[in-house]
Amino acid sequence: MLTSLYVEGTSFLHRMSVRAKLAGLMIIGLALFLVANPVALGFALLVTATLYLRLGLGVGEAFRRLRPVLITIAFFGLVNVVVLSPHEALTSTLRLLAILFLAASVTATTTIADFIDTITALLVPLERLGLMKAADGGLAFGLVLRFVPDIALRYAVLKEAHAARGLTLKPQTILGPLIISTLKEADSIAEAIDARGIRGQ
Amino acid sequence: MHIIFDKAELRFGERVALHPLSLQLSEPRIGVIGLNGSGKTSFARLVNGLVKPTSGRVTLDGMDTVADAKAVLAATGFIFQNPANQIILPLIRDDIAMGPKARGLKGKALDEAVEAVMDRFAIAELAERRPHELSGGQLQLAALAAVVVTEPKLILFDEPTNQLDLKNRALVRRAIDGLEQQAIVISHDLDLVSGFGRVLVFHEGRLAFDGDGAEAIARYRETAAC
Ligand SMILES: Nc1ncnc2c1ncn2[C@@H]1O[C@H](COP(=O)(O)OP(=O)(O)OP(=O)(O)O)[C@@H](O)[C@H]1O
Ligand SMILES: [Mg+2]
């Protein structure tokens, strides 16, 4: 069962400040969009993939958690071969993969509590302008990180329930229950947040 | 706290979860028992204002659960029927820290408060664990620690020993017994509330009996039998 993307460890990424990691991710991500050379992009991919694989996740788990995104990238890669050109498809796929591994490394080495604190601090200027409550923004961000893996888990449970009853998996039998259980859970989480007075005073 | 229900009623459309109820509570330990669907959870959620009465009103030490909702929530803690739903952050330590942090505690004071409460409920070794790795009893204690650390005056428990084995029941019961706060405990585990000075029996959305633990349990057995 997976309820958090964080992996414990003491790597240099674990010890780096969240701000530095987020800033690094943004700068490198943007920089990669300026690079169009497949060899350079391939090298970037090699570096970020190595970084990610050395976090201590284990190769199997490392790929399992990225599988949906990897499939999506592969799909668009194939589409691009057809609608653009093989060369462009190659560069955009390499670029996306490099960014993906970097982003995955950041989420795997940062606890949600640290993310919430950092995002909250970064949003304080917006709060000063009267646009929003910084703490709410941080909490919202943390909740997304925390509960997205839960949705995948709930899908797995529904899949098992189907299998146990000898039913085949169809979108119409799985989507409804998935949406309903997600909304119900969202409700109970919202309630717990109220009851625990977590949204600042 | 002095809790007053003044003809408070809760409906969901046509369905009545709790018929208009008037009563006053101030005992340190209050039990709530009754069949499934009899209105126990609805009653508890009215107390801390998680739901608003459809008519009538509920006050705690004079604070109205609708008009003073924030103050009421801050003065009360709620342990949900499924504690896994109230643990929000993946690491127990981080989760316990959320409440005091929202109240402005930080740095060393925050760490100390979190450590003290974990020591108190003997869950210090769970600090770095994740909710899904904990047993039912440990989950209850973690949820309780996260509530107690915010120092509410009243704590509501919705079936805290449901699904627990005998050992964990004893653990949770001891934790509840040791609380200095006022507690309202909903339970199907009658042993848990048998010693309470005041126990309410709900039946089909109405208060069917209100008295001491032993009498209430006898009365509940009667209503359940028919
Ligand atoms: N959100 C809701 N919408 C519609 N009906 C509800 C809702 N919540 C509760 N009810 C109904 O109100 C009645 C009382 O429910 P409540 O949850 O208070 O019972 P309970 O005594 O806590 O039961 P249990 O022992 O099963 O937890 C039930 O008939 C229930 O179906
Ligand atoms: Mg209930």
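The exercises below work through the interface, one buried residue, the salt bridges and a surface patch of a predicted two-chain model.

The model is predicted, so local features need pLDDT of at least 70 and side-chain atom pairs count only at pLDDT 80 or more, while totals for chains, interfaces and linings use all residues. Residues are numbered from 1 along each chain as its sequence is written, chains are lettered from A and ligands numbered from 1 in the order in which they are written, and side-chain values use heavy atoms, with hydrogens and water left out.

**Exercise 1. Describe the interface of chain A and chain B.**

Step 1. Count the residues in contact (heavy atoms within 4.5 Å). There are 27 in chain A and 27 in chain B.

Step 2. Take the buried area, which is the accessible area (1.4 Å probe) that two parts lose on being put together, summed over both. The two chains bury about 2300 Å² between them, with 55% of it on carbon and sulfur atoms.

Step 3. List the salt bridges, each a side-chain nitrogen of Lys or Arg within 4 Å of a carboxyl oxygen of Asp or Glu. Three are counted between chain A and chain B. One of them pairs B:Asp95 with A:Arg196, with 3.1 Å between the closest N and O atoms.

Step 4. Assign the chain A side to helices (DSSP runs of H or I, at least four residues; strands are runs of E, at least two; both are numbered from the N terminus). Helices H7 (112-128), H8 (134-164) and H9 (171-195) of chain A each supply at least two residues of the side that touches chain B. H9(A) gives the most, with eight residues.

**Exercise 2. Is A:Leu66 buried or exposed, and which residues does A:Leu66 touch?**

Step 1. Locate the residue: A:Leu66 is in the loop between helix H4 (59-64) and H5 of chain A.

Step 2. Apply the classes: buried is under 20% relative accessible area, exposed over 50%, partly exposed in between (1.4 Å probe, protein chains only). A:Leu66 has 7% and is therefore buried.

Step 3. Leave out residues up to four places away in sequence; A:Leu66 then touches A:Tyr52, A:Leu100, A:Phe101 and A:Ala104.

**Exercise 3. Compare the surroundings of salt bridges within the chains.**

Step 1. Start from the total: the structure holds 15 salt bridges over all chains.

Step 2. In chain A, A:Glu61 pairs with A:Arg65 at 3.2 Å between the closest N and O atoms. A:Glu61 is partly exposed at 24%, whereas A:Arg65 is buried at 17%.

Step 3. In chain B, B:Lys108 pairs with B:Glu112 at 3.5 Å. The two are separated by about one helical turn because they are four residues apart in helix H4 (residues 107-120) of chain B. B:Lys108 is exposed at 64% and B:Glu112 partly exposed at 45%.

Step 4. B:Asp189 pairs with B:Arg169 at 3.6 Å. B:Asp189 lies in the loop between strand S8 (182-186) and helix H7 (190-193) of chain B, and B:Arg169 in helix H6 (residues 166-177), so the pair ties together parts 20 residues apart in sequence. B:Asp189 is buried at 10%; B:Arg169 is partly exposed at 29%.

**Exercise 4. Where is A:Val82 found, and is A:Val82 buried or exposed?**

Step 1. A:Val82 is found in helix H5 (residues 67-83) of chain A.

Step 2. A:Val82 counts as exposed because its relative accessibility is 68%.
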